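Look at the sequence and the model shown here, and keep both in view while reading. The paragraphs that follow go from one part of the chain to the next.

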Amino acid sequence: MAVHDGTLIKLDDVRKQFGDVVAVEGIDFDVRQGEFFTLVGPSGCGKTTTLRMISGFEQPTEGQVRIDGRGMTAIPPEGRDTNLVFQHLSLFPHMTVGENVGYGLKKTGVEAAERDERIREYLELVGLEGFNDRNPSELSGGQQQRVALARALVNEPAVLLLDEPLSSLDRKLRKRMQVELRQIHEKTQGSFFYVTHDQEVAMTLSDRIAVMNEGRIEQIGPPEEIYRDPASEFVAGFIGDTNLFDAEVVDRDGSDVVRVGGPDGFVVPSNGASGGVTVSVRPEDFTLVGDDGDFIGEVKERYFQGDQTNFVVDVDLDIDEVQVVVQGREGGVDTGETVSVAVVEGAPVVF
Ligand SMILES: Nc1ncnc2c1ncn2[C@@H]1O[C@H](COP(=O)(O)OP(=O)(O)O)[C@@H](O)[C@H]1O
Ligand SMILES: [Mg+2]
């Protein structure tokens with residue numbers, strides 16, 4: 001029975017306990033048809049356990065997983081319309097690339113001619129046309145991972161489940177595979193459920209992200225929303241870099257503002273908060289100006305990174321220092337220099 005509101009996977013108050021360890025605390029989310037949905041969070045927060053409950057290799061202690069409207073409780077992994085790609089490759093070493101990709105098709109009785117056609121189509125999709133007769137051992141790590149992808153996609157599952165599939169690749173290859181994964185997703189129009197601890201990968205690839213921490217989901221939304229409007233201190237710190245300041249809501253001329261760093265620091269709108277708060281300011285939401293900024297400081301450290309330059313600026317306020325990032329060629333300030341720092345209006349977030 002298919003549902004028609006575009007929801008493909010639905011988790012309802014799903015909880016998983018191993019002995020005394022609560023791995024997943026009661027989570028809810030929907031993955032929509034055709035969506036690239038990423039579950040991101042630190043190591044040990046419950047991502048793999050969540051994915052394994054969707055694939056059927058684990059059963060929830062409480063709650064329910066639905067796929068396409070069907071409760072999955074009694075459905076074993078092989079009865080679910082999902083396929084899995086892991087971090088550690090699991091190609092069959094004694095089979096050729098083509099045999100690896102066609103393995104699932106053969107098992108379900110797809111005849112040879114159609115099988116060959118589908119193998120060709122999916123090897124082309126992952127950029128490995130003509131690789132049919134190679135052995136996995138003759139391929140690079142990135143190529144092997146693409147074969148694993150082709151093998152998981154070839155029988156066109158309703159959902160492709162990916163558990164840190166790029167973690168074992170070096171940075172350059174990882175970046176290239178990110179672009180390719182996104183393109184593969186667009187071409188297949190399939191639903192991808194992706195698990196990673198790497199917030200950069202999550203931001204680059206996803207239509208929507210769920211940020212997980214200690215078995216709970218802290219926020220679900222499109223990457224930009226999560227980055228610009230984090231729902232918690234944890235999300236602000238985990239997704240991207242940020243400055244977190246303890247601050248106080250005070251009265252200024254009859255209205256509430258948040259004062260950061262004491263009387264000589266800067267103020268931001270309180271947005272209804274009161275008492276002690278935490279303020280998050282992204283490094284790119286501070287700018288270094290000639291003068292007339294919000295406060296002054298001295299450049300303590302400077303890290304040139306090519307496309308951007310990171311600064312640590314010492315300030316003589318109730319906060320010790322601020323991290324500032326300057327894009328492009330505008331980072332020509334040296335350590336020891338006094339700078340005026342301005343806050344981009346509307347950018348700070350108050351918790
Ligand atoms: N089979 C298991 N038995 C006992 N504890 C487990 C088992 N699988 C996972 N855990 C525990 O559940 C928590 C979440 O693990 P996992 O889902 O693998 O996290 P992640 O994938 O986010 O790194 C961890 O504390 C882990 O040690
Ligand atoms: Mg994991």
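Which residues surround ligand 1? In this predicted model, the surrounding residues are Phe18, Val21, Ala23, Gly41, Ser43, Gly44, Cys45, Gly46, Lys47, Thr48 and Thr49. Two elements, β2 (21–32) and α1 (47–55), each give two or more residues to this shell. The one that gives the most is α1, with 3 residues. Sorted by class, the shell around ligand 1 holds 4 nonpolar, 6 polar and 1 charged residues.

Now step back to the whole chain. The chain has 351 residues, and 35% of them count as buried. Its secondary structure consists of 8 helices and 20 strands. Measuring along the principal axes is a way to describe extent, and here the C-alpha trace spans about 75 × 45 × 40 Å. Among the contacts in the chain with a separation of 6 or more, 65% are made by residues 24 or more positions apart.

Two of the sheets can be followed strand by strand. One is an open sheet of 6 strands, in the order β6-β7-β8-β3-β9-β10, and its pairing is mixed. Why is one side of β6 and of β10 left without a neighbour in the sheet? Both β6 (82–85) and β10 (216–221) stand at the edges and have a single partner strand each, so there is no neighbour on one side. From one strand to the next, the twist of this sheet averages 15 degrees.

The partner of β6 is β7 (residues 159–163); the two strands run parallel and are joined by 4 bridges. One position to find in the model is Asn83, whose bridge partner in β7 is Leu160. Helix α4 (residues 141–153) lies across β6 and β7, and runs at about 175 degrees to β6.

The same helix leads into the interior of the chain. The largest nonpolar core has 63 residues, and the members that touch the most others are Ala150, Phe193 and Val211. Helix α4 supplies the largest share of this core, 6 residues. What does Val211 touch, leaving out residues up to four places away in sequence? The list is Val40, Gly41, Ile217, Glu218, Gln219, Ile226, Val235, Phe238 and Ile239. Gly41 also appears in the shell around ligand 1.

Helix α4 also has a part in covering another helix. In α2 (residues 97–107), the buried residues are Val97, Asn100, Val101, Gly102 and Leu105. Their spacing can be read with a general rule in mind. An α-helix has 3.6 residues a turn, so residues three or four places apart point the same way. The cover over the buried residues of α2 includes α3 (112–125) and α4. Just after α2 comes Gly109, which takes a positive phi of about 85 degrees.

The other sheet is made of 5 strands. It is open, with the order β15-β19-β16-β17-β18, and its pairing is antiparallel. At its edges are β15 and β18 (321–327), each of which pairs on one side only. The twist in this sheet averages 45 degrees from one strand to the next.

Begin at the edge strand β15 (residues 286–289). Which of its residues lie on the covered face, and which on the uncovered one? Phe286 and Leu288 make up the covered face, while Thr287 and Val289 make up the uncovered one. β15 pairs with β19 (residues 338–343) in the antiparallel sense, over 4 bridges. Within this pairing, Val289 has Ser340 as its bridge partner, and Leu288 stands opposite Val341. Leu288 is also one of the 18 residues of another core, which lies apart from the largest one and has Val313, Val322 and Val343 among its members.

Continue across the sheet to β16 (residues 295–304). This strand pairs with β19 in the antiparallel sense over 4 bridges, and the partner of Glu298 in β19 is Thr338. β16 also pairs with β17 (residues 308–315), again in the antiparallel sense, over 7 bridges. There, Gly297 has Val315 as its bridge partner. The hairpin of β16 and β17 has 3 residues between the strands, and in it Gly306 takes a positive phi near 90 degrees.

Terms used. Residues numbered from 1 in each chain as written. Chains lettered and ligands numbered in written order. Predicted model: local features only at pLDDT ≥ 70, side-chain atom pairs only at ≥ 80, totals over all residues. Pairing = 2+ DSSP bridges. Axes fitted to C-alpha atoms, helices over the stretch in contact; angles between N-to-C directions. Contact = placed C-beta atoms within 7 Å. Buried ≥ 20, exposed ≤ 12 C-beta atoms within 10 Å, placed from the backbone. Near = placed C-beta within 6 Å. Nonpolar A, V, L, I, M, F, W, Y, C, P; charged D, E, K, R; others polar. Core = buried A, V, L, I, M, F, W, Y, C linked by C-beta atoms within 7 Å.
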